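These notes are meant for a colleague who is opening this structure for the first time. Please keep the view at hand while reading, since each point names the residues to look for.

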Amino acid sequence: MSKGSTGYGTTAGRSSRRRILRLAGAGLTMAALGAGLTGCEDELATGGAGSTPPPRTTSPEPGGKAPEGGKAPEDGQAPAPLWTKSTSAATYGDNDELVAVGGVVIASGDPLAALDWATGAERWSLPGGAIPGAPLLLGNDTLYLASGKYDGSVIGYAPASGEETWRSHLGKEYRQPRPVAVDGTQVYVIAEILEADGSSRTNVIAALNSGTGKLVWKEQRDLGTQQNGVHAAVQGRYLVYTDFKKNLTVRDAATGRQVWTQKTTKTSYGPFAVHQDLVIVPQGQKLQAFALSDGSEKWSVEAEQFTTFREPTVLDDVLYIADSGRTLWALDPRTGKKAWQSTALKDSGAQVPRQFVRVGSTLYGATDLDEQGGIHAFDAKNGALRWTFNDKSGDYHAWLVATDGKRVFALHGKKLHALPGA
């Protein structure tokens, strides 16, 4: 499973309010958004084989019984939640604002609360919570957070208990360090460089030892780059990240040395994917894979005219991605070869998913817009749409989905739902 930062959408030719809120929460001004948030959808686009009859989009009645064995009813109804809890969630639609690990599920908020995956009961809470726009970063059995006290610390917690297990401080000359990626030995952060007058025009990317918390290396990024809006991942010896300035950059994870960087044709508002020796980036109508070693293009795939690719996810060696024409793709991440395409979303008028998790033979996708959206359940073998869960709250926040490998957790605004796995 590959994930870009550890972490996004527009449809129907209008700017997504959720995207605007998320970007504003990440420290971007509305003026900076410009026309880049506007996306187009071609209602005439076709998608190929794999279409299915429209499923029933359901909102199970309160107290509704989940089907036996966690399966959806035969008529296509979504299962009733195993439990639903109100949370302190304050999210902006980033995939890494909801995580499930160590028997708990955690949504970004204040206080930051961990709920028991089986019952929804609170296990622990952390006053101060997570900084808006900063990820809930998991690695080494640790949850890494930027300090909610804004004191320049990066802190690690045991997910099951909430106990602090690690702490690092980059230095007084840096402000608001935020963890963006983690591997077996290091935590990678981006922080603003403070000027004498307290302002900041530049930032650094740095590596902290995940055992001692000591600084391993730091490199100043180019003038004009931003601390916010960065998605990052570590793959082998490489640290790769994107930002809102249309930069795709790869560094040597051990030294911080820049291996290569290049401009992308489209600003990436969401995560990319990494698999083996490749980084896979959506760029409007084109999906491209570049070699981590030198940035050379290894394969590309194009969507229908006037359609754009959304965020990619690699799960169990399959790359899943949807496009704005409401086609769902399954590709071989090594070659870009198509395994299947499904037009089930288009056939049913359902919203396009932008985040995926998989449990068994079922692929779950979380949508940005709420109407005709929610959590879609697809057959992972062909993309057939089995059912869609929606709480019918009408909340404007994006849906988020996470899994512990058995159950599926869906966050919508302040409501957290536990759904049975496939």
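1. A good place to start is Leu 138, which stands opposite Leu 143 in β8. The model is a predicted one, and this pairing belongs to the contact between β7 and strand β8 (residues 142-146), which run antiparallel and are joined by three bridges. Elsewhere in the pairing, Gly 139 has Thr 142 of β8 as its bridge partner. The two strands form a hairpin with two residues between them, and Asn 140 in the turn has a positive phi of about 55°.

2. On its other side, Leu 143 stands opposite Tyr 157 in β9. Here β8 pairs with strand β9 (residues 153-157), again in the antiparallel sense, over four bridges. These two strands also form a hairpin, with six residues between them, and in that turn Tyr 150 has a positive phi of about 55°.

3. Both hairpins are part of an open sheet of four strands, whose order is β7-β8-β9-β10 and whose pairing is antiparallel. The edge strands, each pairing on one side only, are β7 (137-139) and β10 (164-169). On average, and with direction ignored, neighbouring strands of this sheet are turned by 25° against each other. As background, strands of a sheet pair through backbone hydrogen bonds, either parallel or antiparallel.

4. How much of β8 is buried? The strand is mostly covered, as five of its five residues are buried. Thr 142, Tyr 144 and Ala 146 point one way from the strand, while Leu 143 and Leu 145 point the other way, and all are buried.

5. For the wider setting, the protein has two helices and 33 strands. Of its 422 residues, 59% count as buried, and the accessible surface comes to about 16,800 Å², of which 48% belongs to carbon and sulfur atoms.

6. A further hairpin, with five residues between its strands, is formed by β21 and β22, and Gly 295 in its turn has a positive phi of about 80°. Strand β21 (residues 286-291) and strand β22 (residues 297-302) run antiparallel and are joined by five bridges; within this pairing, the bridge partner of Gln 288 is Ser 300 in β22.

7. Which residues have the most contacts inside the largest nonpolar core? This core has 16 residues, and those with the most contacts inside it are Tyr 320, Leu 328, Phe 356, Leu 363, Phe 378 and Leu 385. The elements that give two or more residues to the core are β24 (318-322), β25 (328-331) and α2 (344-348), and of these β24 gives the most, with three residues. In soluble globular proteins, nonpolar side chains tend to be buried together.

8. Leu 363 deserves a separate look, since its contacts, leaving aside its neighbours within four places in sequence, include Tyr 320, Leu 328, Phe 356 and Phe 378, and also His 376.

9. Is His 376 buried or exposed? It counts as buried because its relative accessibility is 0%, and buried means under 20%. His 376 has its place in strand β29 (residues 375-379). Its side chain makes a polar contact with the side chain of Thr 388, at 2.7 Å. Beyond its neighbours within four places in sequence, His 376 is in contact with a number of residues, among them Leu 345, Pro 353, Tyr 364, Leu 385 and Trp 387.

10. Some details of the backbone should be checked by eye. Most residues other than glycine have a negative phi, and most peptide bonds are trans. A cis peptide bond, with omega about 0°, joins Asp 110 and Pro 111, and Pro 111 lies in the loop between β4 (104-107) and β5 (112-116).

11. Two loop residues other than glycine have a positive phi: Lys 246, where the value is near 65°, and Gln 372, where it is about 60°. Lys 246 is placed in the loop between β16 (238-242) and β17 (247-252), and with a relative accessible area of 34% it is partly exposed. Gln 372 lies in the loop between β28 (362-367) and β29, and it counts as partly exposed at 40% relative accessibility.

Notes:
Residues are numbered from 1 along each chain as its sequence is written. This is a predicted model: local features need pLDDT of at least 70, side-chain atom pairs count only at pLDDT 80 or more; totals for chains, interfaces and linings use all residues. Side-chain values use heavy atoms; hydrogens and water are left out. Two strands pair if DSSP finds at least two bridges between them. Axes are lines fitted to C-alpha atoms, for helices over the stretch in contact, and angles run from 0 to 180 degrees between N-to-C directions. Buried means under 20% relative accessible area, exposed over 50%, partly exposed in between (1.4 Å probe, protein chains only). Accessible areas come from the Shrake-Rupley method with a 1.4 Å probe; for residues, only the protein chains shown count as cover. A polar contact is a pair of N or O atoms within 3.5 Å; within protein, one must be able to donate a hydrogen and the other to accept it, and residues adjacent in sequence count only if both atoms are side-chain atoms. Contact means heavy atoms within 4.5 Å. A nonpolar core is a set of buried Ala, Val, Leu, Ile, Met, Phe, Trp, Tyr and Cys residues joined through side-chain atoms within 4.5 Å.
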